[in-house]
Amino acid sequence: MLAGQQRVEPILSAREAAGLSEQPLSLNLEQRAAVEHVLTSHDRVQGIQGSAGAGKTTALEVLRRQAEGRGFEVEGFAPTSRASKQLREAGITAGTLQAFLARVPYPDFPGEKHFYMVDESSLASTKQMRDFLLRLGPEDRVVLIGDVRQHQAVEAGKPFEQLQRAGMNTAMLAHIVRQTDPDLKAVVEQFAKGQGCSGIQAFAKHGHMTEIGDTVERFRTIAKSFADNPLNTLVISPDNGSRRELNNAIRTELQAKGIVGSDNCRFRVLVQQQDMTGADRSWAARYTVGDVLRYSRGSSIVGIRASSYTRVFSIDPEQNLLTVKMPTGATFTYDPRRLSGVSVYQEREQPFATGDRVQFTAPDKNLGVANRELGTIKSISLTGNLVVRLEKGGRVELNPAEYRHFDYGYAMTSHSAQGITADRVLINADTKTHPHLVNSRFAYVAISRARLEATIYTNDSAAIEAKLGSEFSKSSALVSSPSLEPAVVRGLGVSL
């Protein structure tokens with residue numbers, strides 16, 4: 001990043017950028033200043049630090065038009081498929097950062113120049129960011145967009161924050177436009193400024209916190225509140241265990257009200273093993289017989305095709321070998337250190353019915369769905385096929401025997417919810433949850449999802465205020481022992 005500072009010609013001159021104020025660009029003053037800041041910079045790598053709900057997508061759409069008008073090929077990336085889909089909705093050609101890194105490197109064509117946008121950069125790992133920046137051609141530019149106070153990458157590192165601290169030319173978007181309630185907006189602004197303690201105190205003072213000590217009763221209360229007004233309501237919980245329990249409690253209430261049908265059909269879905277980091281997946285001892293594996297890249301050496309599935313047949317921890325079985329029945333053995341891009345799942349049988357809100361838990365290009373995209377089951381055929389109406393428009397039909405990556409979509413973890421907006425948000429926050437999951441980042445992301453109203457349900461109001469006001473950041477190998485890094489993310493049950 002430092003090597004690219006003051007090394008390129010700006011996309012627009014200062015005079016041309018000043019002329020943008022005369023155009024009807026639908027930008028507020030802060031968005032306009034950020035756009036001009038990026039377009040007139042002499043730096044190859046730049047950043048946009050944007051608070052949750054500050055209108056980053058609107059600014060990116062204007063950047064795209066200006067860069068394309070100056071001969072740049074504009075392409076967007078994000079660490080999650082949902083964020084990349086949101087870029088596409090803004091007219092930006094986009095895909096996941098992982099897919100870009102899996103491509104064969106671009107050949108160098110004289111005069112070719114790209115303008116890359118990487119959204120949700122706080123979720124990118126150090127390795128991903130390093131590999132991405134090494135791909136830049138001599139005429140390429142990149143703008144990294146994110147929020148250092150929202151969630152960080154599950155894998156090692158926090159490069160977006162480190163780049164800012166190292167002097168990356170960064171435009172600021174702090175004026176929040178999402179929240180319409182002034183009290184709620186003020187709370188989100190305090191979290192965005194790093195004032196978690198005062199933010200959560202103000203939130204509680206305004207009467208948005210409910211204490212229910214008994215977990216079952218608290219989940220039942222959240223479920224009843226959801227069922228009373230399910231339209232554009234989202235439930236957020238810090239870990240997958242509580243998320244599953246809340247989904248079941250909400251679904252029970254919705255079926256009792258007749259909002260979800262009684263025509264239950266049971267499907268065997270795949271649930272990702274969220275407690276396995278990239279390092280864990282290199283060791284056979286971390287796998288379990290029966291685990292389902294999906295290979296995003298494949299390997300000609302091992303004989304696995306990209307996007308194929310196998311099932312763990314046996315494990316040899318001493319030799320660090322996995323034996324897996326193909327759908328054809330054939331088996332083969334390999335060292336898991338030799339393969340990357342492997343996702344690990346367990347099978348679980350779950351009932352689904354018409355009216356169920358579902359979330360897709362893996363992207364699928366053929367269906368046109370992104371990871372964590374939401375929809376509602378409109379019908380289930382006699383053969384078991386599902387017709388799902390997507391929340392952002394359109395509908396898809398899927399065969400659950402072929403696409404098995406879906407789950408209930410009533411409750412999410414805050415990691416999964418980052419990037420989603422709802423009118424009303426109900427937040428479960430238990431003081432007994434691991435402090436790496438319940439802290440100011442969790443509170444900031446969860447509360448800022450709401451346009452109109454947010455409520456926290458907790459077992460202990462006084463204790464949860466202290467937890468949600470406390471800052472938590474991952475350690476960095478630059479300032480501490482690398483051996484500390486995996487302990488931060490392993491075994492916490494977080495969904496991405």
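A residue is termed buried when its relative accessible area is under 20%, exposed when over 50%, and partly exposed in between (1.4 Å probe, protein chains only). The structure is a predicted model, in which local features need pLDDT of at least 70 and side-chain atom pairs count only at pLDDT 80 or more, while totals for chains, interfaces and linings use all residues. Residues are numbered from 1 along each chain as its sequence is written, and side-chain values use heavy atoms, with hydrogens and water left out.

Aromatic pairs were examined through ring geometry. Rings of Phe, Tyr and Trp (its six-membered ring) pair if their centres lie within 6.5 Å; planes under 30 degrees apart count as stacked, over 60 as edge-to-face and the rest as tilted. The structure contains 17 aromatic pairs. For F77 and F132 the ring centres are 5.9 Å apart and the planes lie at 70°, so this pair is edge-to-face. F77 belongs to strand β2 (residues 73-78) and F132 to helix α6 (residues 126-133), so that the pair links parts of the chain 55 residues apart; here helices (H or I, at least four residues) and strands (E, at least two) are DSSP runs, numbered from the N terminus. Both F77 and F132 are buried. The rings of F100 and Y116 have centres 5.7 Å apart and planes at 55°, and the pair is therefore tilted. F100 lies in helix α5 (residues 97-102) and Y116 in strand β4 (residues 114-118), 16 residues apart. F100 is buried, with a relative accessible area of 1%, and Y116 counts as buried at 1% relative accessibility. One aromatic cluster is formed by F226, F267, F352, F406, Y408 and Y410.

A nonpolar core is a set of buried Ala, Val, Leu, Ile, Met, Phe, Trp, Tyr and Cys residues joined through side-chain atoms within 4.5 Å. The largest such core has 37 residues, and V235, F352, F360, L386, V388 and F406 have the most contacts inside it. Helix α10 (residues 215-228) supplies the largest share of this core, five residues. Another core, of 32 residues, lies apart from it and includes F191, Y444, I447 and L468. With contact taken as heavy atoms within 4.5 Å, and neighbours within four places in sequence left aside, F406 is in contact with F267, V269, F352, Q359, F360, T361, L386, L398 and P400.

Empty space was searched on a 1 Å grid over the protein atoms alone: a cavity is a set of points where a 1.4 Å probe fits but cannot get out, a pocket is an open set with protein on both sides within 12 Å along at least five of seven lines, and lining residues have an atom within 4 Å of a point. The second largest pocket is lined by 43 residues, of which K392, I420, T421, A422 and R451 lie nearest its centre. Its lining divides into 16 nonpolar, 12 polar and 15 charged residues, where Ala, Val, Leu, Ile, Met, Phe, Trp, Tyr, Cys and Pro count as nonpolar, Asp, Glu, Lys and Arg as charged, and the others, Gly among them, as polar. Helix α4 gives the largest share of this lining, five residues.

The second largest cavity is lined by 13 residues, with T80, R82, H415, S416 and Q418 nearest its centre. Three residues of this lining come from α4, the largest share. By class, the cavity lining has three nonpolar, seven polar and three charged residues.
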